[in-house]
Amino acid sequence: MLGTLLFALIALNSDISFSSPCPECFVLLYPDRDSSSGFTDYRCGNLSYDGHTGTDFAVADEAKMRSGVTVRAAAPGRVLRIRDGVPDRKVSDLNQVKGQECGNGLVIDHGRGWESQYCHLRQNSVTVRPGQQVDRGTPVGLVGQSGAASFPHVHFEVRHQGKTIDPNGGIPLNNSCSTNKTALWQQPIAYIPTALIHSGFSPQVPTMAEVEAGKWHNYQIKATDPSLIFWTRSYGVKAGDRVTMTMVNPDREQVVDYKNTLTKDNRIFFIYTGSRKVVPGTWTVTFQLDRGNQKLIDISQTILVK
Ligand SMILES: [Zn+2]
């Protein structure tokens, strides 16, 4: 009897397991585990939105997307259907992508009623065809921003017998958060509620759109630039979080000493500071985000201006 029971448990646990469809990405949004008009991720945090059905594996900006980030089959199976040819663009009006919300993507049949879907892939990047067998990790396309996407990512969705499953908890979405059910990931995917997405420099006040597009990605400040701006973009920032930014010029004068306590939650938090006087030499900048007595983000960078 014990032998039979043990066998049954093992069979259930090994029914399916998924690998990350994008090992180079970070998870920005999880499926919504709240069946009401509110939303919650599987850890009872706010990395979701009402009605979200997948896990969004994101890259920092469109520059990273353009560099080509591979999307991989999360488990072995057979490709059921694909779509390609939808342009990559940040969508503000959902009517622009009506009927093509998933953008370029594919669905893989893993057998025993399991399916996985991959959305928003880069235009003309889908490399598999319907009927093709894929292994775990087979490249299927590139991370893009096609369909109903407001940032470059792959939306990864799991279904079992037609029902959407949260792979982060292994159960249907209408079950609330804080489950202790086992995740369906072959390797654990860390839950990071707050983190820096990227940071950099610009010679003028940057807009969020420019930073999302990767315009100031790796920009090198020159002594002839009109200003030296240090910018950061983070996710999962909450009301009550304390922000500190500092800047020290090559003469070791502190030209920025900014402190602020945030009054509202920010899914994406964009902030910059800077100096209108640019002199050659080594500058040091810092950005910190504190919650209670936890230091959630703490970066310090030096740059050499020539
Ligand atoms: Zn999504």
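**Figure 1. Zinc donors spaced H-x3-D-x98-H along the chain.** The donors of the zinc ion sit along the chain with the spacing H-x3-D-x98-H. That pattern ties together distant parts of the chain: His52 comes from the loop between β1 (26-29) and β2 (55-58), while His155 belongs to strand β9 (residues 153-160), 103 residues apart. Bear in mind for this and every other view that the model is predicted.

**Figure 2. A closer look at the zinc ion and its donor atoms.** Here we zoom in on the atoms that do the coordinating: NE2 of His52, ND1 of His155 and, listed twice, an OD atom of Asp56, with distances of 2.0 to 2.7 Å. Tetrahedral or irregular? The arrangement counts as irregular, because the angles subtended by the four donor atoms run from 52 to 158°, whereas a tetrahedral label needs all angles between 85 and 135 degrees. Both histidines are tucked away from the surface. His52 has a relative accessible area of 1%, so it counts as buried, and His155 is buried too, at 9%; the cut-off for that word is under 20%.

**Figure 3. The largest pocket, between two domains.** This view moves to the largest pocket, which holds about 550 Å³ of space. Its lining takes in 34 residues, and the ones closest to the centre are Ala148, Ala149, Ser150, Phe151 and His153. Where does the largest pocket lie with respect to domain 1 and domain 2? It lies between them, because domain 1 (15-172) and domain 2 (195-305) both give residues to the lining.

**Figure 4. What the pocket lining is made of.** Take the same pocket apart by element and you find β1, β2, β6 (114-121), β9, α3 (208-213) and β16 (266-275), each supplying at least two residues of the lining. By residue class, the lining of the largest pocket splits into 18 nonpolar, eight polar and eight charged residues. Strand β9, one of those contributors, is also where His155 is found.

**Figure 5. Two loop residues with positive phi.** Most residues other than glycine have a negative phi. Cys44 and Arg112 are shown here for going the other way. Cys44 sits in the loop between β1 and β2, and its phi is positive, near 65°. With a relative accessible area of 40%, Cys44 is partly exposed. Arg112 is found in the loop between β5 (104-111) and β6. Its phi is near 50°, again a positive value in a residue other than glycine. Arg112 is exposed, at 52% relative accessible area.

**Figure 6. Glu253, Val255 and their partners along the chain.** Glu253 lies in the loop between β14 (242-248) and β15 (254-261), and at 44% relative accessibility it counts as partly exposed. How far apart are the C-alpha atoms of Glu253 and Trp283? They are separated by 9.8 Å, with their positions 30 residues apart along the chain. Val255 has its place in strand β15 and is partly exposed as well, with a relative accessible area of 37%. From Val255 to Arg276 the C-alpha distance is 10.0 Å, and the two are 21 residues apart in sequence.

**Figure 7. Stepping back to the protein chain.** To place the close-ups, here is the chain as a whole: three helices and 18 strands. Its C-alpha trace spans about 75 × 45 × 35 Å along the principal axes. Of its 306 residues, 47% are buried.

Conventions: Residues numbered from 1 in each chain as written. Predicted model: local features only at pLDDT ≥ 70, side-chain atom pairs only at ≥ 80, totals over all residues. Heavy atoms only, no water. Donors = N, O, S within 2.8 Å, 3.2 Å for Na, K, Ca; no water. Tetrahedral: all angles 85-135°; square planar, octahedral: opposite > 155°, others 65-115°. Helix = DSSP H or I, 4+ residues; strand = E, 2+ residues; numbered from the N terminus. Buried < 20%, exposed > 50% of the residue type's maximum accessible area, 1.4 Å probe, protein only. 1 Å grid on protein atoms, 1.4 Å probe; cavity = no way out; pocket = protein on both sides within 12 Å on 5 of 7 lines; lining within 4 Å. Points joined across faces, edges and corners; volume = space filled by probe spheres on them. Nonpolar A, V, L, I, M, F, W, Y, C, P; charged D, E, K, R; others polar. Domains from an automatic or database assignment.
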